[in-house]
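Subject: Structure for your review

Dear colleague,

Please find below the structure that I am handing over to you. I would be grateful if you could read the notes beneath it with the model open beside them.

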Amino acid sequence: MSSKKNNYRVTFILDLRETDEAPETVIESMKSEIEAIDGEVGEVNDMGQKDFARVTDVKRPTGHYVQIDFAGPANANTALQERLHLNKVAYRIFVEAV
């Protein structure tokens with residue numbers, strides 16, 4: 001098997017309404033999820049709470065945005081999506097190759 005890692009940037013929109021955890025704690029758990037799929041976490045950019053450009057749910061007009069750069073295997077996108085599929089705090093996940 002090849003040990004080559006690709007570079008990715010994942011953008012999380014976190015829904016912190018139903019959790020008592022601080023945003024920093026949730027971000028640390030997201031970093032742990034990346035490391036669990038054999039990813040190496042790089043820069044973390046906590047962009048804070050932002051309004052959605054188009055509100056699809058009146059109960060959720062904002063989200064806490066976080067971008068994390070990481071190096072990971074070729075299947076990092078699908079592996080991360082599968083690990084966080086049932087995580088209610090990770091409202092949206094967008095993984096892109098950089």
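The notes that follow describe what was found in this structure. Please bear in mind that the model is predicted.

The sheet

The strands form an open sheet of four, in the order β2-β3-β1-β4, and their pairing is antiparallel. Strands β2 (40-51) and β4 (90-97) stand at the edges with a single partner strand each, so one side of each has no neighbour in the sheet. On average, neighbouring strands of the sheet are turned by 15° against each other, direction ignored. As general background, the strands of a sheet pair through backbone hydrogen bonds, either parallel or antiparallel.

Strand β3 (residues 62-72) pairs with β2 in the antiparallel sense over nine bridges. Two positions may help you to trace this pairing on the screen. Asp-51 stands opposite Thr-62 in β3, and Gly-48 stands opposite Tyr-65 in β3. Strand β3 also pairs with β1, again in the antiparallel sense and over nine bridges. Here, Asn-6 has Gly-72 of β3 as its bridge partner.

How far is β3 enclosed by the rest of the structure? Nine of its 11 residues are buried, so β3 is largely enclosed.

Helix α1 and its contacts

Two residues of helix α1 (23-36) deserve your attention. Met-30 is located in helix α1 and is buried, with a relative accessible area of 2%. Since residues under 20% count as buried, the value for Met-30 falls within that class. Leaving out residues up to four places away in sequence, Met-30 touches Phe-12, Leu-14, Ile-68, Leu-84, Asn-87 and Ala-90. Met-30 and Phe-12 are 18 residues apart along the chain, and their C-alpha atoms are separated by 8.8 Å.

Lys-31 is also placed in helix α1. Is Lys-31 buried or exposed? Its relative accessible area is 19%, and Lys-31 is therefore buried, the cut-off being under 20%. Apart from neighbours within four places in sequence, Lys-31 is in contact with Val-41, Val-44 and Ile-68. Ile-68 is thus among the contacts of Met-30 and among those of Lys-31.

Val-41 and the loop before β2

Val-41 belongs to strand β2 and counts as partly exposed, at 25% relative accessibility. When neighbours within four places in sequence are set aside, the contacts of Val-41 are Lys-31, Ile-34, Glu-35, Ile-68, Asp-69 and Phe-70. One of these residues, Asp-69, is 28 residues away from Val-41 in sequence, and the two are 6.3 Å apart in space, C-alpha to C-alpha.

Asp-38 is found in the loop between α1 and β2. Its phi angle is near 70°, a positive value in a residue other than glycine. Asp-38 counts as partly exposed, at 49% relative accessibility.

Helix α2

Which strands does helix α2 (residues 76-83) lie across? The helix lies across β1 (6-14), β3 and β4, and it runs at about 175° to β4. Asn-77 is part of helix α2 and is partly exposed, with a relative accessible area of 31%. Although Asn-77 and Phe-94 are 17 residues apart in sequence, the distance between them in space is 8.6 Å, C-alpha to C-alpha.

The largest pocket

The largest pocket has a volume of about 170 Å³. Its lining consists of Asp-15, Arg-17, Glu-18, Thr-19, Arg-60, Asn-87, Lys-88, Val-89, Ala-90, Tyr-91 and Arg-92. Which classes of residue make up this lining? Six residues are charged, three are nonpolar and two are polar. Asn-87 and Ala-90 are among the lining residues, and both are also touched by Met-30.

Yours sincerely,

A colleague

Technical notes. Residues numbered from 1 in each chain as written. Predicted model: local features only at pLDDT ≥ 70, side-chain atom pairs only at ≥ 80, totals over all residues. Heavy atoms only, no water. Pairing = 2+ DSSP bridges. Axes fitted to C-alpha atoms, helices over the stretch in contact; angles between N-to-C directions. Contact = heavy atoms within 4.5 Å. 1 Å grid on protein atoms, 1.4 Å probe; cavity = no way out; pocket = protein on both sides within 12 Å on 5 of 7 lines; lining within 4 Å. Points joined across faces, edges and corners; volume = space filled by probe spheres on them. Nonpolar A, V, L, I, M, F, W, Y, C, P; charged D, E, K, R; others polar. Buried < 20%, exposed > 50% of the residue type's maximum accessible area, 1.4 Å probe, protein only.
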